[in-house]
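I opened my notebook to go through this structure piece by piece. Here is what I looked up.

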Amino acid sequence: MQITGANDVDIMLDEDGQPVSDGNGDTSLVSDDECWLQDIRNEAVTEEGELFYEDEEGDGSYGWSLLDFMQGEYDDFTQMEIQQRIRSKLSKRDYIDAGSIQTTVDFDGHLYHVRVAFRKNDSSKEYSIDIESNGVEVIVE
């Protein structure tokens, strides 16, 4: 399976993962930053092995599998595991500056709050992703 590249075009999906219409009966498309950010958002909420056509394993596979951590107790080790999982998954994208990836993880007793910030290799623009155990939002700053 090939992940979305920095210059790809894809079908635009809404917050529920459904295709968006352009109003004329055609499917809307996303490209450039919006395309790969959409793909990262989708990967963040996907479990490894969830896609029937997946042909990779480990860090190369699609899906962050964050649900793995949300069923157990939260401690410093869990926090580090979540941070490492996200760093590994984002680092496979050759257009992301792996050294710029920063992840903060908080647990309020009910919900996980994860914020991931990073930059592209060729840019100083910072992108961030906010993840709660009940949803994902991508923010470009």
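My entries follow, one topic at a time.

**Model.** I am working from a predicted model.

**Helix α1.** I began with α1, which covers residues 32-44 and has 13 residues. I took its span from first C-alpha to last and got 19 Å, close to the 18 Å expected at 1.5 Å a residue. Is the helix enclosed or open? Ten of its 13 residues are buried, so the rest of the structure largely encloses it. I listed the buried residues: C35, W36, L37, Q38, D39, I40, R41, N42, E43 and A44. Charged residues are on that list, including D39, R41 and E43.

**Two positive phi values.** I then checked backbone angles. Most residues other than glycine have a negative phi. D32 has a positive phi, near 55°. I placed D32 in helix α1. Its relative accessible area is 42%, so D32 is partly exposed. S65 also has a positive phi, near 50°. I found S65 in the loop between α1 and α2. S65 is buried, because its relative accessibility is 3% and the cut-off is under 20%.

**Hairpin β3-β4.** Next I looked at the pairing of β3 (residues 102-107) with β4. The two strands run antiparallel, and six bridges join them. I noted T104 opposite R115 in β4. How many residues lie between the strands of the hairpin? There are four, and G109 in that turn has a positive phi of about 100°.

**Aromatic pairs.** I counted seven aromatic pairs in the structure. I looked at Y74 and Y112: the ring centres are 5.5 Å apart and the planes sit at 75°, so this pair is edge-to-face. The pair links distant parts of the chain, with its two residues 38 apart. Y74 is in the loop between α1 and α2 (76-91), while Y112 is in strand β4 (residues 112-119). I compared their burial. Y74 counts as partly exposed at 25% relative accessibility. Y112 is buried, at 2%. I also traced a cluster in which ring pairs link W36, Y95, F118 and Y127.

**Nonpolar core.** I went on to the largest nonpolar core, which has 22 residues. Which residues have the most contacts inside it? They are I40, W64, I82, I86, L90, V116 and F118. I checked which elements supply the core: α1, α2, β4 and β5 (126-132) each give at least two residues. I followed up I82 and left out residues up to four places away in sequence. I82 touches L66, F69, V105, Y112 and V114. Y112 thus turns up again, here beside I82 and earlier in the ring pair with Y74.

**R85.** My last stop was R85, in helix α2. Where does its side chain reach? It comes to the backbone oxygen of W64, at 2.9 Å. I also noted its contacts, leaving aside neighbours within four places in sequence: W64, S65, D68 and F69. S65 is the buried residue from my phi entry, and W64 is one of the core residues with the most contacts. F69 is a contact of R85 and of I82. I checked D130 as well. The C-alpha atoms of R85 and D130 are separated by 15 Å, and the two residues are 45 apart along the chain.

How values were computed
Residues are numbered from 1 along each chain as its sequence is written. This is a predicted model: local features need pLDDT of at least 70, side-chain atom pairs count only at pLDDT 80 or more; totals for chains, interfaces and linings use all residues. Side-chain values use heavy atoms; hydrogens and water are left out. The expected span of a helix is 1.5 Å times one less than its number of residues. Buried means under 20% relative accessible area, exposed over 50%, partly exposed in between (1.4 Å probe, protein chains only). Rings of Phe, Tyr and Trp (its six-membered ring) pair if their centres lie within 6.5 Å; planes under 30 degrees apart count as stacked, over 60 as edge-to-face and the rest as tilted. Two strands pair if DSSP finds at least two bridges between them. A nonpolar core is a set of buried Ala, Val, Leu, Ile, Met, Phe, Trp, Tyr and Cys residues joined through side-chain atoms within 4.5 Å. Contact means heavy atoms within 4.5 Å. A polar contact is a pair of N or O atoms within 3.5 Å; within protein, one must be able to donate a hydrogen and the other to accept it, and residues adjacent in sequence count only if both atoms are side-chain atoms.
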